[in-house]
Amino acid sequence: MFAMPTQPNASPAWQRRHLVGIEPLTADEVRTLLRKAKSYEGVSTSRALPKNADLHGKVVVNLFYEDSTRTRASFRLAASRLSADVLDMSASGSSVSKGETLVDTARNIEAMGVDIIVCRHGQSGAAIQLAQATDSAIVNAGDGQHEHPTQALLDAYTIAKRLGLDADFDFTGLTIAIVGDIGHSRVARSNVHCLTKLGAKVILVGPPTLLPGAFDGLDCEMSHDLDDVLPRIDVINMLRVQFERLAGPAFPSQREYTTLYGLTAARMQRAKDDLVVMHPGPMNRGLEIESAVADGPNSVILDQVANGLAVRMATLALVAGQ
Ligand code: NCD
């Protein structure tokens, strides 16, 4: 978020210097981020183009308490494309494994002269805690089951590019399904906020055990029937079943899960021909998505990864006051 929860009306919100979630942002702020990302296209992925100097002289720290491949690499490359100095830190191999608290670790790193802390943590609210306890700009790279704002932004950006909506980022008229392990998913939560702010209709689909009441207050439809939903959607975002967050079995067998909720080539027959297929990664191939679909013509899964760079460049630049 760019506004702290205790100061919700601070404006312009970028000056709050944080992105801890999509929920506190206005639709205009979301679009500003997406437009800024568009301005970085080309610089983000082409090594032939010179680096941009927007973060020259700034220090970005990646502080990751949970595993990550895409998000961590993407923030690192984004910061370096903007000419920042980047420090990568993870819980294992640092004093965190000796019992130091998140805030103590962050304050100590900050004392070395840091401008932006990108944090991933298993506890919901960790990014907000850091924003309140430190002077650095905080970017949430995923906090527990709460939010993963840059994932939602890169998902929205990818949809807009694929469907030619990147002139105004207006999703009015689009119907988007998010399918699978909704309950444990910070990606789902950030996506619901982001997509509805941009004007889309969102349908959450999953088994009752993975579709909890926590999403009841949000402006979206709920369904347990993927086959019913499939013909009427323009975009589908398949979520990973997060086994590491399940307390016990959430469905009778993996085979049954795939039968009811897996995106298979056979099931794709029910969908519109140009359905946009997404997955935030990492994928459980053969469980929530079949390889023929993940690697097929409808898939934008690798575009999501590529677009993540421009979105993270935009985020870092905006929280740094650019
Ligand atoms: C997601 C995450 O970590 O929240 N992955 C990602 O950032 N690309 C989703 C997941 O782990 O399933």
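The ligand sits in the largest pocket. Keep in mind that this is a predicted model.

**What surrounds the ligand**

So who lines up around the ligand? The shell is made of Arg70, Thr71, Arg120, His148, Gln151, Arg186, Val187, Arg240, Gln242, Pro280, Gly281 and Pro282. Sorted by character, the shell residues come out as 3 nonpolar, 5 polar and 4 charged.

Where does the ligand lie with respect to domain 1 and domain 2? Domain 1 covers 27-148 + 308-319 and domain 2 covers 150-305; both hand residues to the shell, so the ligand lies between them. Two helices pitch in as well: helix 2 (70-81) and helix 6 (186-197) each bring at least two residues to the shell.

**Polar contacts to the ligand**

Three side chains put a polar atom by an oxygen atom of the ligand, and here is how those pairs look.

| Side chain | Ligand atom | Distance |
|---|---|---|
| Arg120, polar atom | oxygen | 3.1 Å |
| His148, N or O atom | oxygen | 2.7 Å |
| Arg240, polar atom | oxygen | 2.7 Å |

How much of the ligand does the protein bury? On its own, the ligand would expose 320 Å², and the protein buries 94% of that.

**Two backbone oddities**

Some backbone background helps here. Most peptide bonds are trans, and most residues other than glycine have a negative phi.

One spot to look at is in the ligand shell itself, since Gly281 and Pro282 both belong to the surrounding set. The peptide bond joining Gly281 and Pro282 is cis, with omega at about -5 degrees. If you want to find Pro282 on the structure, go to the loop between strand 10 (276-278) and helix 10 (291-294).

The other spot is Ser83. Its phi is near 70 degrees, a positive value in a residue other than glycine. Ser83 is placed in the loop between helix 2 and strand 3 (85-90). Helix 2 is a name you have met already, as one of the helices that supply at least two residues of the shell around the ligand.

Note on methods. Residues are numbered from 1 along each chain as its sequence is written. This is a predicted model: local features need pLDDT of at least 70, side-chain atom pairs count only at pLDDT 80 or more; totals for chains, interfaces and linings use all residues. Side-chain values use heavy atoms; hydrogens and water are left out. A residue is near a molecule or strand if one of its heavy atoms lies within 4 Å of it. A polar contact is a pair of N or O atoms within 3.5 Å; within protein, one must be able to donate a hydrogen and the other to accept it, and residues adjacent in sequence count only if both atoms are side-chain atoms. Accessible areas come from the Shrake-Rupley method with a 1.4 Å probe; for residues, only the protein chains shown count as cover. On a 1 Å grid over the protein atoms alone, a cavity is a set of points where a 1.4 Å probe fits but cannot get out, and a pocket is an open set with protein on both sides within 12 Å along at least five of seven lines; lining residues have an atom within 4 Å of a point. A molecule sits in a cavity or pocket if more than half of its atoms lie within 2 Å of its grid points. Helices (H or I, at least four residues) and strands (E, at least two) are DSSP runs, numbered from the N terminus. Ala, Val, Leu, Ile, Met, Phe, Trp, Tyr, Cys and Pro count as nonpolar, Asp, Glu, Lys and Arg as charged, and the others, Gly among them, as polar. Domain bounds come from an automatic or database domain assignment.
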